[in-house]
Amino acid sequence: MTDEISAEDWLQQAVVASNEGRHAEAQEGFARALSMDPSLGEAMLGLGLSYMATRDFKDAVAPLRQAAATPDAPAIWHACLAQGLYMTGDFAGCAEAFERAAALEPLATNARLTHARARTFSTMIDGSVDEALSRYPALAGEEAEDIEVIAREAFAVLGVFGHAPAAAAVGAWRLARNPDDHIQAYLLQAVSGASVDRAPAPYVEAHFDSFADNFDHQLVDLLNYRAPERMAELVAGHADQFADILDLGCGTGLSAPALAQFGGRLTGVDLSRGMLDRAEARGGYDLLVQAEAVAFLDDHPGAFDLVFAADMVIYFGDLSGLFQAAEKALRPGGVFTLSTEAGADGWTLLSSGRFSHGDAYVAQVAGSGFELLEQERIALRHEGTAPVEGTLHLFKRRA
Ligand SMILES: C[S@@+](CC[C@H](N)C(=O)[O-])C[C@H]1O[C@@H](n2cnc3c(N)ncnc32)[C@H](O)[C@@H]1O
């Protein structure tokens with residue numbers, strides 16, 4: 001019976017569950033132990049570590065902080081709190097927690113390197129990039145990583161955690177050293193909130209050329225990307241055959257298998273040579289063309305019955321030019337389907353360099369040339385542990 005189980009029993013059961021990967025059970029056990037004995041430091045630590053294991057980093061911080069605040073908390077408890085704070089983007093708090101651990105016993109190599117990064121990133125936030133990077137080697141010691149690697153990671157991490165001014169300062173530092181870096185140039189604009197209405201072609205090309213080798217594994221295996229299949233199902237609900245199909249921003253050709261059911265001639269267009277090479281290797285296309293999407297549509301009036309743009313218009317903010325060009329390239333009655341990342345109305349440039357769109361904006365920008373057939377909410381893919389909400393849109397070109 002529940003009331004015969006002591007706090008210590010709950011703690012032991014929770015530790016076993018945690019070690020065996022039964023995290024929900026472990027969290028419940030640690031919480032019960034704490035409800036009976038709120039001073040049980042091991043239960044606070046266990047609860048925090050269990051949230052870390054399930055990547056619920058925000059929930060992990062409070063119990064880890066309580067554990068580290070208990071009298072005589074050992075160095076490792078401070079180091080656990082430091083790890084939790086790092087994963088939530090509190091770099092100053094992380095560095096301080098590691099420093100409390102180091103006051104009790106020397107940090108292990110990994111902890112020392114994480115401390116050096118956290119202190120470097122927090123100095124970027126509160127001080128300057130030069131100051132932060134000049135101090136990094138002494139903090140990291142013999143295993144110090146190259147300063148360029150640290151700066152690249154700082155830009156990404158500071159951006160992800162919303163430290164936009166610091167990320168922009170690091171981006172400017174990197175760009176000054178390598179002015180031809182198209183990826184950095186655009187991402188600096190994105191994180192600085194610059195007014196740009198689409199990702200520039202040199203960025204798209206460079207980004208996807210460098211991403212091409214890992215794209216399928218990242219998107220399908222790790223991020224659970226399934227938009228092409230679902231988009232094809234929506235299309236199939238309206239027509240089962242198309243004579244000429246355009247896979248716009250075809251990437252590595254993930255949509256080709258789902259498009260095969262429609263018969264017809266399949267053309268793939270993409271800016272990135274690296275992505276097109278993978279699409280060619282996958283097969284399923286009658287023609288693959290390296291071109292900019294809007295320019296290609298403009299150059300092919302009345303050439304297609306289905307234009308299929310999966311995870312592609314996220315590189316456009318203003319969609320008016322794309323819709324006009326799609327209307328021109330589609331035959332009357334032809335279908336245009338696209339996926340967007342869900343956002344506030346209108347369109348928004350995100351710090352990732354992608355754009356989000358409001359559904360009403362997409363319907364409105366399609367204008368009188370298209371009839372809206374369907375809009376469906378979908379979890380597009382994952383980012384970290386969270387699903388990225390999106391919308392699949394299906395339009396018919398009016399006769
Ligand atoms: C996230 S990938 C999606 C690829 C594929 N449609 C899929 O669903 O797997 C986006 C692709 O769009 C391409 N792209 C982005 N903007 C483009 C543009 N303006 N013209 C042509 N291709 C573009 C990129 O090169 C990239 O291959």
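Here, a residue counts as buried when its relative accessible area is under 20%. Keep that cut-off in mind, as this predicted model has plenty of residues to try it on.

Let's start with the cysteines. Cys80 has a relative accessible area of 14%, so Cys80 is buried. Cys94 comes out at 0%, which makes Cys94 buried too. Are the two bonded to each other? The count of disulfides in this model is zero. For Cys80, the nearest cysteine sulfur belongs to Cys94, and that sulfur is 12 Å away. Looking from the other side, Cys94 is in no disulfide either, and its nearest cysteine sulfur is that of Cys80.Now for the overall layout. The domain assignment gives two stretches, domain 1 (2–143) and domain 2 (203–397). Their centres, taken over C-alpha atoms, are 42 Å apart.

**The cores**

Which residues touch the most other members of the largest nonpolar core? That core has 107 residues, and the answer is Phe121, Met124, Leu158, Val170, Tyr186, Phe262 and Leu306. The element that gives the most to this core is helix α5 (residues 75–87), with eight residues. Both domains take part: domain 1 (2–143) and domain 2 (203–397) each supply at least three residues. As a general habit, nonpolar side chains in soluble globular proteins tend to be buried together.

Leu158 is a handy place to look at the packing. Setting aside residues up to four places away in sequence, Leu158 touches Phe91, Phe121, Met124, Ile125, His163, Ala166, Ala167 and Val170. Apart from the largest core lies another one, made of 29 residues, and Ala293, Leu297, Phe304 and Leu338 are among them.

Leu338 turns up again in the surroundings of Phe395. Phe395 belongs to strand β9 (residues 386–397), and at 1% relative accessibility Phe395 is buried. Beyond its neighbours within four places in sequence, Phe395 is in contact with a long list of residues, including Phe323, Val335, Phe336, Leu338, Val362, Phe370 and Leu373. You can also set Phe395 against Gly369: they are 26 residues apart in sequence, and their C-alpha atoms are 9.6 Å apart in space.

**A charged-looking spot and the ligand**

Glu341 sits in strand β5 (residues 330–342). Is Glu341 buried or exposed? With a relative accessible area of 5%, Glu341 is buried. Its side chain makes polar contacts with the side chains of Arg354 and Arg381. Those two arginines also appear among the residues Glu341 touches, a list that includes Ile314, Leu350, Phe355, His357, Leu380 and Val388 as well.

The ligand has 22 residues around it, and the closest are Tyr225, Gly249, Asp270, Glu292 and Ala310. The table puts its polar distances beside those of Glu341.

| Pair | Atoms involved | Distance |
|---|---|---|
| Glu341 and Arg354 | side chain to side chain | 2.7 Å |
| Glu341 and Arg381 | side chain to side chain | 2.9 Å |
| Gly249 and ligand | polar backbone atom to ligand nitrogen | 2.7 Å |
| Asp270 and ligand | polar side-chain atom to ligand oxygen | 2.6 Å |
| Ala310 and ligand | backbone N or O atom to ligand nitrogen | 2.8 Å |

**Two loop residues with positive phi**

Asp311 lies in the loop between β4 (304–309) and α17 (320–329). Its phi is near 55°, a positive value in a residue other than glycine. At 13% relative accessibility, Asp311 counts as buried.

Arg55 also has a positive phi, near 65°, and Arg55 is not a glycine either. Arg55 is found in the loop between α3 (41–53) and α4 (57–69). Here the accessibility is another story: with a relative accessible area of 45%, Arg55 is partly exposed.

**One last stop**

Where is Glu153? Glu153 is in helix α9 (residues 147–160), and its relative accessible area of 26% makes Glu153 partly exposed. Leaving out residues up to four places away in sequence, Glu153 touches Tyr86, Arg117 and Phe121. Phe121 is one of the residues that touch the most other members of the largest core. Glu153 and Ser192 are 39 residues apart along the chain, and 17 Å separate their C-alpha atoms.

Terms used
Residues are numbered from 1 along each chain as its sequence is written. This is a predicted model: local features need pLDDT of at least 70, side-chain atom pairs count only at pLDDT 80 or more; totals for chains, interfaces and linings use all residues. Side-chain values use heavy atoms; hydrogens and water are left out. A nonpolar core is a set of buried Ala, Val, Leu, Ile, Met, Phe, Trp, Tyr and Cys residues joined through side-chain atoms within 4.5 Å. Buried means under 20% relative accessible area, exposed over 50%, partly exposed in between (1.4 Å probe, protein chains only). Helices (H or I, at least four residues) and strands (E, at least two) are DSSP runs, numbered from the N terminus. Domain bounds come from an automatic or database domain assignment. Contact means heavy atoms within 4.5 Å. A polar contact is a pair of N or O atoms within 3.5 Å; within protein, one must be able to donate a hydrogen and the other to accept it, and residues adjacent in sequence count only if both atoms are side-chain atoms. A disulfide is a pair of cysteine sulfur atoms within 2.5 Å. A residue is near a molecule or strand if one of its heavy atoms lies within 4 Å of it.
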